[in-house]
Amino acid sequence: MKKQFKNILYVITATVSLSLVVQPIANAESLSDLKSKQQELDQKKSKLNSNINEKSSKIKYNKSKQEKINKQIQKLDKKIIKTDEKISIVKSTIAQTTSEIEDLQTSIKDLEKKIAERDALLQERARAIQEGGGSINYVDVLFGASSFGDLIDRFSAVNTLLDADRKILQEQADDKKSLEEQQKKLEEKRKKQIENRDRLEDLKKSLDSQKSSKNKLIDALEREQSKLKSQKKSLQKEYSEAIKVSKKVQKEIQNEQARLAERARKEAAAKAKAKSKSAYVSNVGESGDIPTVSSGTWTRPTTGRVTSNFGWRDIGSGPEIDYGIDIANSVGTPIVAAADGVVFRASPLSTYGNVIMITHSIEGKTFTTVYAHLSGYKASAGQSVSKGEVIGYMGQTGRAFGSHLHFELHTTAWQGQKVGAVDPRRYISF
Ligand SMILES: [Zn+2]
């Protein structure tokens, strides 16, 4: 084939491809919007989670505070019990004093009655003595004695009479004195009773205030506790809502990736049709050959020697799982899309180095292919590519010993290296 003709065809192919890749870029942006939305949600979730933890520790702290206050309450309870005891002692003192007062009142009444009766008797005696001429009567009695014996008898009788009067007078004086003492005592008891009643009143008041301060402490605690509980509850509710929204966004991301892949498949099919019209497939790489495109859905992503298979391997730092297959060739060997799809990443990523990731929609199922350690890109994010189309060039960027392609095939939308990776030989022959 003449070189000039070859170049014309190449331009035609490139033009057809270009017109098809413009549209999906907008979709890739909406995908990245969704991804940044997801990131925001993740941040919100972790913030909510730390708030929940903070509330939990506050509730815990509140519990220790509650224990302290409970000790204060117990102290108050002891005081209350003591006050109650004091009240019952004062009450029994009051009852005792009341009965003493009653006894005194009875005794005073008795004394007053006795004194009044004796007064009447003494007045009677005084009248009798006055009417009989007083002491003369006694003398008459003595002089009227008929014999010494009679005199002695009469003398002792007079004496007895005098003694009796003296005794009555003495008793009267004693009773009056005792009456006075008892009245004084009664007065004291009454005073004491007033004091007791005042004390009882004070005790009751302090009991009431002790009880009300105890209840205030309990109220405050319960209020604080229920406030914290409701705050924690609302945070948990927000958190579960955030999880729901986040799941929804994840689903949207997957749907969007699947939709883009499906669109890419259709576009690739149209492109293939246009290519078949031009009846020519470019076969010139940057250096080295583009692999022959297989029939069917999948094709080999590059040419070269398989140096490591999917599964366990040891490249010097102990056994590790290789989630892909390694194909070695010289730097610049063309790398092609393993199936129709849409590029959603064409930028460096950690140990992968320069990496291209493509989402494929095949018979309603989403697949992802990964092409790592590239020396250069020929495709960019958002671009739809068809099976066998050059997307980049082999290299040894990232964690690579020598120039090779690290190729992964996942039977899911991209969710990280470890999710959905299968042995690519299930679908592709190398
Ligand atoms: Zn590898």
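Biologist: Why does Glu 256 count as buried?

Modeller: The relative accessibility of Glu 256 is 11%. The term buried requires a value under 20%, so Glu 256 at 11% meets it. The model is a predicted one.

Biologist: What makes the contact of Glu 256 and Arg 259 a salt bridge?

Modeller: The side chains of Glu 256 and Arg 259 meet at 3.3 Å, N to O. The cut-off for a salt bridge is 4 Å between a side-chain nitrogen of Lys or Arg and a carboxyl oxygen of Asp or Glu; a value of 3.3 Å is within 4 Å, and therefore the pair qualifies. Both residues belong to helix α4, 3 residues apart, which amounts to about one helical turn. Arg 259 has a relative accessibility of 38%. This value lies between the limits of 20% and 50%, so Arg 259 is called partly exposed.

Biologist: How do you know that Lys 45 and Asp 42 form a salt bridge?

Modeller: The distance from N to O is 3.5 Å, and the limit is 4 Å. The pair therefore satisfies the criterion. Lys 45 and Asp 42 both lie in helix α2 (residues 24-131), 3 residues apart, about one turn of the helix. Lys 45, with a relative accessible area of 18%, is buried, whereas Asp 42, at 37%, is partly exposed.

Biologist: Why is the pair of Asp 175 and Lys 114 said to tie together parts that are 61 residues apart in sequence?

Modeller: The side chains of Asp 175 and Lys 114 meet in a salt bridge at 3.8 Å, N to O. Asp 175 lies in helix α4 (residues 148-278) and Lys 114 in helix α2, so the pair links parts that are 61 residues apart in sequence. Asp 175 counts as buried at 12% relative accessibility, and Lys 114 counts as partly exposed at 43%. Both residues also take part in a network of salt bridges with Arg 118 and Glu 171. The structure holds 8 salt bridges.

Biologist: What makes Asp 322, Asp 326 and His 406 the residues that coordinate the zinc ion?

Modeller: Their donor atoms, OD of Asp 322, OD of Asp 326 and ND1 of His 406, stand at 1.9 to 2.7 Å from the zinc ion. A donor to zinc must be an N, O or S atom within 2.8 Å, so these atoms meet the criterion. In sequence, the donor residues follow the spacing D-x3-D-x79-H. Asp 322 and Asp 326 are both buried.

Biologist: Why are β5 and β9 described as standing at the edges of their sheet?

Modeller: The open sheet of 3 strands has the order β5-β11-β9, with antiparallel pairing. β5 (334-336) and β9 (376-377) each have a single partner strand, so one side of each is left without a neighbour in the sheet.

Biologist: How do you know that β5 and β11 pair?

Modeller: There are 3 bridges between β5 and β11 (residues 390-393), in the antiparallel sense. Pairing calls for at least two bridges, so 3 bridges suffice. Val 336 stands opposite Val 390 in β11. By the same criterion, β6 pairs with β7 through 6 antiparallel bridges, and Ser 347 stands opposite Val 355 in β7.

Biologist: What is notable about phi in Ser 350?

Modeller: Phi of Ser 350 is near 40°, a positive value in a residue other than glycine. Most residues other than glycine have a negative phi. Ser 350 is in the turn of the hairpin that β6 and β7 form with 5 residues between them. At 64% relative accessibility, Ser 350 is over the limit of 50% and is therefore called exposed. Glu 363 also has a positive phi, of about 50°; this residue lies in the loop between β7 and β8 and is exposed, with a relative accessible area of 81%.

Biologist: Which residues touch the most other members of the largest nonpolar core?

Modeller: They are Trp 298, Ile 356, Ile 358, Tyr 371, Ile 391, Leu 405 and Phe 407, in a core of 24 residues. The elements that give two or more residues to this core are β4 (325-328), β6 (341-348), β7 (354-362), β8 (365-374) and β12 (404-410). A second, separate core of 14 residues includes Leu 260, Ala 264, Phe 344 and Met 357.

Terms used
Residues are numbered from 1 along each chain as its sequence is written. This is a predicted model: local features need pLDDT of at least 70, side-chain atom pairs count only at pLDDT 80 or more; totals for chains, interfaces and linings use all residues. Side-chain values use heavy atoms; hydrogens and water are left out. Donors are N, O and S atoms within 2.8 Å of the metal (3.2 Å for Na, K and Ca); water is not among the atoms, so sites may look incomplete. Buried means under 20% relative accessible area, exposed over 50%, partly exposed in between (1.4 Å probe, protein chains only). Helices (H or I, at least four residues) and strands (E, at least two) are DSSP runs, numbered from the N terminus. A nonpolar core is a set of buried Ala, Val, Leu, Ile, Met, Phe, Trp, Tyr and Cys residues joined through side-chain atoms within 4.5 Å.
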